[in-house]
Amino acid sequence: MLLSVQVDEAKRAYETGGRAALNAVLAKFQQIMEMEVVFTDAKGTDLVTGEARPELLRRQERSRWRLPWPFGRRRSIFARADSTREYWLFLIDERRNWTFFFLQPQHLWIIGLVVLLCYGFAYHLTSPVRKLRAVVDCFGRGDFSARATATNRKDEIGELAKSFNLMADRIQTLLAAERRLLLDISHELRSPLARLSVAVELARSGEDREHMLDRIQKEADRLNELVTELLQVTRVEGDPSLHRTDTVRLDELLGDVVYDSLLEAKAKDCTLLLHAPVPVTLAGDEELIRRAVENVIRNAIRYAPAGTSVDVELRTSGELAQVRVRDYGPGVPEEALPRIFDPFYRVDSDRNRMSGGLGLGLAIARRSVELHKGKLTAENTHPGLMVTMEFPTGAAPIAGDTPKQATPVSTS
């Protein structure tokens, strides 16, 4: 609106008073606006100086800005034509741009707030990534207990942390099993190999060759048994994702294992007594559960005195199934109870060697039970030892099945 008035006033001064009158009007405009004021005809000729300014007509937009720079110039041109478009008035501003140095205080507050918000957002995104990188570096340097802590996040970073922890758990399990196996093998193979070497030398000398050959056979059988047990330990401690998940009838499995153990019980002149009044169903690896139960029962038979019994009992308590195996032997010293499930641990080394024990049966049983989220414990019952295996059932007893009552199995 103001430019339109100025155009009309400049046009009237030029048409009535010529260049002198126009120059006076433009000088007044320039003093008021503090800009260069140019008045041209339709061809772009400055009507005061007579200079041709066609470039102004090519920029007839009301405002044309160049991108400012802190120490550069800001050039803005405002143009307005009269109603006949025979005359044009141009306002040209080429003052220095000091905008960045003369901001208002509220502008500074806004810029500071934006900077802080951007920094907080960037820190929120990059901080867990830096922590995860540090954990990965620690894991790569051999600290297999390093775990990510951002698992409570609900975004992709949280999912990444959970995936890393799962991977680290699996790697740690596999490496621990491998190291334990190597240590156990190196420790346990030394004695049988030494005895084999002595027996071979004695057999070569011809002294009591038949007895030495029997000794070699015994040590070879012992080594074969040891290797078999170690392979079972490795399978139990291996990758959990490779284990099968079956529907296991625990009461029927107990009956099968008790039946298979009759020959060993007969050799020890003892009786097996099974009491499984409630049918129980488990979800797990049937072979591993069978191995755990079998090792515990055979361990009880090994130390059961002649003429006694080995009691095998199945109980249920809520979502837990308990298998209790009790013998009436000498028991275990109280200070040794926490260690009887360790690999190769023997309460009495000489007694275990005479009975054929390797110290691996209960270790395999414990690892099999723990793999199924269960627990294996032992306590002295005076007389004897009771080993209890607990399994989470996760399933109700099968309806319509006939419970198994206490069944004595005579082996005499």
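Confidence drops out over residues 61–72, where pLDDT stays under 50, although the model still has 26 contacts beyond four places in sequence for that stretch. A second stretch, residues 395–407, also keeps a pLDDT under 50, and here too the model has 26 contacts beyond four places in sequence. This is a predicted model, and across the chain as a whole the mean pLDDT comes to 78, with 77% of residues at 70 or more.

As for the general layout, the chain holds eleven helices and eleven strands. Of its 412 residues, 38% are buried. Among contacts with a separation of 6 or more, 65% are between residues 24 or more positions apart. On the outside, the chain exposes about 24,200 Å², and 57% of that comes from carbon and sulfur atoms.

One residue worth a look is asparagine 380, found in strand S9, which covers residues 375–380. Asparagine 380 counts as buried because its relative accessible area is 14%, under the 20% cut-off. Leaving aside residues up to four places away in sequence, asparagine 380 touches Gly331, Val332, Pro333, Glu334, Leu337 and Leu385. Two of these neighbours also turn up in its side-chain pairings. With valine 332, the partner is the backbone oxygen, which the asparagine 380 side chain reaches at 2.6 Å. With glutamate 334, the link runs from side chain to side chain, as a polar contact of 2.9 Å.

Methods:
Residues are numbered from 1 along each chain as its sequence is written. This is a predicted model: local features need pLDDT of at least 70, side-chain atom pairs count only at pLDDT 80 or more; totals for chains, interfaces and linings use all residues. Side-chain values use heavy atoms; hydrogens and water are left out. Helices (H or I, at least four residues) and strands (E, at least two) are DSSP runs, numbered from the N terminus. Buried means under 20% relative accessible area, exposed over 50%, partly exposed in between (1.4 Å probe, protein chains only). A polar contact is a pair of N or O atoms within 3.5 Å; within protein, one must be able to donate a hydrogen and the other to accept it, and residues adjacent in sequence count only if both atoms are side-chain atoms. Contact means heavy atoms within 4.5 Å. Accessible areas come from the Shrake-Rupley method with a 1.4 Å probe; for residues, only the protein chains shown count as cover. pLDDT is the predictor's confidence in each residue, from 0 to 100.
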